[in-house]
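Here are my notes on the model. Please read them with the structure open.

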Amino acid sequence: MEHAFREAPGRTPFSIGVEEELMIVDPENGHDLVNAIERLLGDAPVGEVKPELMESVLEIATEPCVDTAAAGEQLRTLRAHVAGRAAEHGLAIASAGTHPYALWEDQRISARDRYRELLRDLRFVARQELLFGLHVHVGLDDPDQAIHVADGMRVHLPILLALSANSPFWRGDRTGLMSTRTSIFRAFPRVGVPTAYGSWERYERETDFMIRSGVMADPTYVWHDVRPHPTFGTVEVRVCDGQTRVEHTLALTALIQAMVHELAAHHDEGLPLGDVPWQILDENKYLAAIHGLHGELVDLPSSDRVRAPDLARRLIDRLREHAQELGSEAEFDGLSDLLERGTGGDRQVLVYDANSDLTEVMVEMTGLTVDD
């Protein structure tokens, strides 16, 4: 398999790329979703603006960045750019893991063969996928190191989900989950916590088998919560809900970059990963989706249950020196806001509980998505 996990002139180890899936909404009509992606595409001042499965969703993607400060500059520029394009058509941009009351039945599928074929193959499962995620890429120079990092990241997925939980509403209902996006996306094939591959050779062999069998066209049709991305030469973490505030996106990005940095050093020192059953990794993720930061997680490799915020603080303290080494400590410090003031989902619930008004939730969400 061709891949970009290699040292190259000008390439910076542990460079990051950030992708955010955003909502296109009508501020004059209750902040409903609008099928308007084609009106918002075009040249961007930096990075890319791309369509997604549905015409009411757009994706912004940074270029590879040396640290989270650079990524922050690009994300703010991209959010402002698409917000400006939207305003030209009387529309706006908002960000969270789900739109609180939109219906998938009202959304049009983007006019792209990839998405039409996806709908043909997955049918209702694809049609209801009205979800908005945050994807973070971290560059690495060795394929086996990338597999080691991806395997090791699996134990961190529940903490990342708990910190990023930002989808407590779905189709107008308070679902009782802090990350409803996780539950809905679970219906897709090839999602969730992946197997531990152990080596690039095994990943390559199993991925090639899936392609030869006709199950999928290429490795990007594997939508696991963490995956190697051969084309970019990155490990991509996909477990997080979309974030309303860009500061939270950058804090999570800094945490992911630090996790990758620690695991890469772990690989280079020849240390083995712990053997944790897949079932408990998946269970921890499910607990995080339900409770966010308000529940307990299993403190692996033990069987003890620990409050999610305590587990997160312990991990953050351990990884701070990695963020310092990477030059991303300022954005890393934004994690304290999530722990002290709550996640985006917590904020949505707080606003909703005041007046039981989901439109009020959307008005605030829209206002917080783009910096003044």
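1. E55 is buried, at 10% relative accessibility. The cut-off for that label is under 20%, so E55 falls inside it. This is a predicted model, and the points below should be read as such.

2. Which residue pairs with E55 in a salt bridge? The partner is R108, with the closest N and O atoms 3.4 Å apart. E55 sits in the loop between β3 (48–51) and β4 (57–61), while R108 sits in the loop between β5 (92–94) and α3 (113–122), so the bridge ties together parts that are 53 residues apart in sequence. R108 is exposed, with a relative accessible area of 51%. The pair therefore joins a buried acid to an exposed base.

3. The loop between β5 and α3 also holds E105, and R171 lies in the loop between β7 and β8; the pair ties together parts 66 residues apart in sequence. Their salt bridge has its closest N and O atoms 2.9 Å apart. Both ends are partly exposed: R171 has a relative accessible area of 31%, and E105 stands at 42%.

4. R171 deserves a second look for its backbone. Its phi is positive, about 60°, although the residue is not a glycine. The flanking strands are β7 (169–170) and β8 (173–174), with R171 in the loop between them. Please check this residue in the model, since R171 also carries the salt bridge to E105.

5. F14 raises a similar point. This residue is not a glycine, yet its phi is positive, at about 65°. F14 belongs to the segment before β1 (16–26). Is F14 buried or exposed? F14 is buried, with a relative accessible area of 15%.

6. One peptide bond to inspect is the cis bond that joins L300 and P301, where omega is about 10°. P301 is placed in the loop between β13 (296–298) and β14 (305–307).

7. How many salt bridges does the structure hold? The count is 25. Side chains of opposite charge can pair when their charged atoms come close. One of the bridges is between R320 and D333, at 2.5 Å from N to O. That pair links distant parts of the chain, 13 residues apart: R320 is in helix α11 (residues 308–326), and D333 is in the loop between α12 (329–332) and α13 (335–341). R320 is partly exposed, at 25% relative accessibility. D333 is partly exposed too, with a relative accessible area of 35%. I would look at the 2.5 Å distance on screen.

8. Salt bridges also form a network, which links R245, E247, D337 and R341. Two arginines, one glutamate and one aspartate take part.

9. Charge also gathers without pairing. D142, D144, D268 and E269 make up a patch of negative charge on the surface. D144 belongs to helix α5 (residues 143–153). This aspartate is partly exposed, with a relative accessible area of 36%.

10. Helix α6 (residues 157–164) tells another story. Eight of its eight residues are buried, so the helix is largely enclosed by the rest of the structure. The buried set in α6 is L157, P158, I159, L160, L161, A162, L163 and S164.

11. What lies 9.5 Å from P158, C-alpha to C-alpha, while 82 residues away along the chain? That residue is C240. C240 is part of strand β12 (residues 234–241). C240 is buried, with a relative accessible area of 1%. P158, in α6, is buried as well.

12. Now the overall picture. The protein has 15 helices and 14 strands. Its radius of gyration is 19 Å, close to the 21 Å that the globule rule gives for 372 residues, so the protein is as compact as a globular protein of that length. The C-alpha trace spans about 60 × 45 × 40 Å along its principal axes. Buried residues account for 59% of the 372 residues.

Technical notes
Residues numbered from 1 in each chain as written. Predicted model: local features only at pLDDT ≥ 70, side-chain atom pairs only at ≥ 80, totals over all residues. Heavy atoms only, no water. Patch = residues over 30% accessible without salt bridge, like charges linked within 9 Å, V, L, I, M, F, W, Y side chains within 5 Å. Areas by Shrake-Rupley, 256 points an atom, 1.4 Å probe, with all protein chains shown as cover. Salt bridge = Lys/Arg side-chain N within 4 Å of Asp/Glu carboxyl O. Lys, Arg positive; Asp, Glu negative; His and termini not counted. Charge placed at Lys NZ, Arg CZ, Asp CG, Glu CD. Helix = DSSP H or I, 4+ residues; strand = E, 2+ residues; numbered from the N terminus. Buried < 20%, exposed > 50% of the residue type's maximum accessible area, 1.4 Å probe, protein only. Rg over C-alpha atoms; globule rule 2.2 N^0.38 Å.
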